[in-house]
Amino acid sequence: MSGLTPMNVWFENGWPQSWAWTMLAPYISYCPENTTRLAWQNFPTLHILNNANINRYSPNDTAQDGSETVGPRIADPSVSNITSGSCINLNVTGYGCGPAIAHNKSEPLSVPGKKVLFQWEAPGSQVGPNNSYVTSTTAGAPKFVGWSQQLNLTYSPLTVTGNNSGYTYQPKGFVYGDDGIINGTMAIMLTDLDLYVTPFNVSLLNPHIVALGLYQAG
């Protein structure tokens with residue numbers, strides 16, 4: 001409904017079950033009695049403080065403090081009630097973002113080299129049906145940011161700036177021609193190791209994940 005490009009990547013990679021469950025669990029409040037308990041891991045949430053607000057005609061103007069999402073859950077969308085810079089009712093080609101199948105955008109949501117700001121939760125939060133699941137991690141101190149996109153998993157170094165906060169820069173890379181490898185919506189994670197994985201064994205990374213989030217690019 002926001003007119004974002006419906007398919008802006010060449011390939012879609014699969015997620016391990018624990019990643020999908022981590023994304024989904026915060027949005028489930030209740031399950032009937034005797035529902036089989038899931039054995040998959042719930043990772044702590046990684047908050048991208050300056051994740052691009054798709055409702056701005058200039059996404060680079062998104063606030064840097066995490067205030068432009070509707071809530072603290074891992075996949076909460078951007079706020080739309082911004083007081084200035086909104087593209088929702090802007091009837092200008094390349095900048096408007098009213099309801100549509102797709103729009104041509106003059107400014108991308110993000111670009112290689114963008115400074116991406118993070119805060120992450122400590123393990124031990126209660127999530128999921130009846131708050132009956134608890135986030136956990138077996139990883140050590142975070143050192144890298146993993147970007148799970150298209151054909152592989154790309155790493156960038158993490159700079160820790162404080163208690164459970166830090167930043168990295170969106171990496172540059174290409175799939176075909178000048179089509180960036182960091183594009184669309186993707187899982188992003190903090191890890192203690194830049195482990196080489198492929199789409200066939202990406203779950204080997206699970207023991208090294210400190211926190212998991214959802215990033216918007218394009």
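## Strand pairing and the β7–β8 hairpin

Two strands count as paired when DSSP finds at least two bridges between them. This is a predicted model, and in it Thr-159 sits opposite Tyr-167 in β8. A little further along, Val-160 faces Gly-166, also in β8. Altogether, three bridges hold β7 to β8 (residues 165-169), with the two strands running antiparallel. The hairpin they make has two residues between the strands, and Asn-164 there takes a positive phi near 55 degrees.

Tyr-167 has another partner too: Lys-115 lies over the face of its ring, 4.2 Å from the ring centre. A similar arrangement turns up with Arg-37, which lies over the face of Tyr-133 at 4.0 Å from the ring centre.

## Two open sheets

The hairpin belongs to an open sheet of four strands, ordered β1-β2-β8-β7 and paired antiparallel. At its edges are β1 (46-48) and β7 (159-162), each pairing on one side only. From one strand to the next, the twist averages 30 degrees.

There's also an open four-stranded sheet with the order β6-β5-β9-β10, again with antiparallel pairing. Here β6 (152-157) and β10 take the edges with a single partner strand each, so one side of each has no neighbour in the sheet. Neighbouring strands are turned by 25 degrees against each other on average, ignoring direction. Six bridges join the antiparallel β5 and β6, and one of the pairings puts Gln-149 with Asn-152 of β6. Helix α1 lies across β5, β6, β9 and β10, running at about 65 degrees to β10.

## The nonpolar cores

Which residues touch the most other members of the largest nonpolar core? Out of its 18 residues, they are Phe-118, Trp-120, Trp-147, Ile-188, Leu-190 and Tyr-215. Strands β1, β2 (115-120), β5 (144-149), β9 (185-191) and β10 (209-216) each put in at least two residues. Apart from this core lies another, of 14 residues, including Ile-74, Tyr-155, Ala-187 and Leu-205.

Ile-188 is a good place to start looking around. Leaving aside residues up to four places away in sequence, its contacts include Leu-46 and Ile-48, along with Phe-118. Val-145, Gly-146 and Trp-147 are also among the residues it touches, as is the run from Ala-211 through Leu-212, Gly-213 and Leu-214 to Tyr-215.

## Aromatic pairs

A search of the whole structure turns up six aromatic pairs. Trp-10 and Tyr-176 make one that is edge-to-face, at 4.8 Å centre to centre and with 85 degrees between the planes. That pair links distant parts of the chain: Trp-10 is in the segment before α1 (17-24) and Tyr-176 is in the loop between β8 and β9, 166 residues apart. Ring pairs also bring in Phe-11, giving a cluster of Trp-10, Phe-11 and Tyr-176.

Is Tyr-176 buried or exposed? Neither, quite: Tyr-176 is partly exposed, with a relative accessible area of 42%. Now for Trp-147 and Tyr-215: their ring centres are 5.1 Å apart and their planes stand at 90 degrees, so this pair is edge-to-face. Trp-147 lies in β5 and Tyr-215 in β10, so the pair ties together parts 68 residues apart in sequence. Trp-147 is buried, with a relative accessible area of 0%, and Tyr-215 is buried with a value of 0%.

Technical notes: Residues are numbered from 1 along each chain as its sequence is written. This is a predicted model: local features need pLDDT of at least 70, side-chain atom pairs count only at pLDDT 80 or more; totals for chains, interfaces and linings use all residues. Side-chain values use heavy atoms; hydrogens and water are left out. Axes are lines fitted to C-alpha atoms, for helices over the stretch in contact, and angles run from 0 to 180 degrees between N-to-C directions. A nonpolar core is a set of buried Ala, Val, Leu, Ile, Met, Phe, Trp, Tyr and Cys residues joined through side-chain atoms within 4.5 Å. Buried means under 20% relative accessible area, exposed over 50%, partly exposed in between (1.4 Å probe, protein chains only). Contact means heavy atoms within 4.5 Å. Rings of Phe, Tyr and Trp (its six-membered ring) pair if their centres lie within 6.5 Å; planes under 30 degrees apart count as stacked, over 60 as edge-to-face and the rest as tilted. A charge sits over a ring if NZ of Lys or CZ of Arg is within 6 Å of the ring centre and within 35 degrees of the ring normal.
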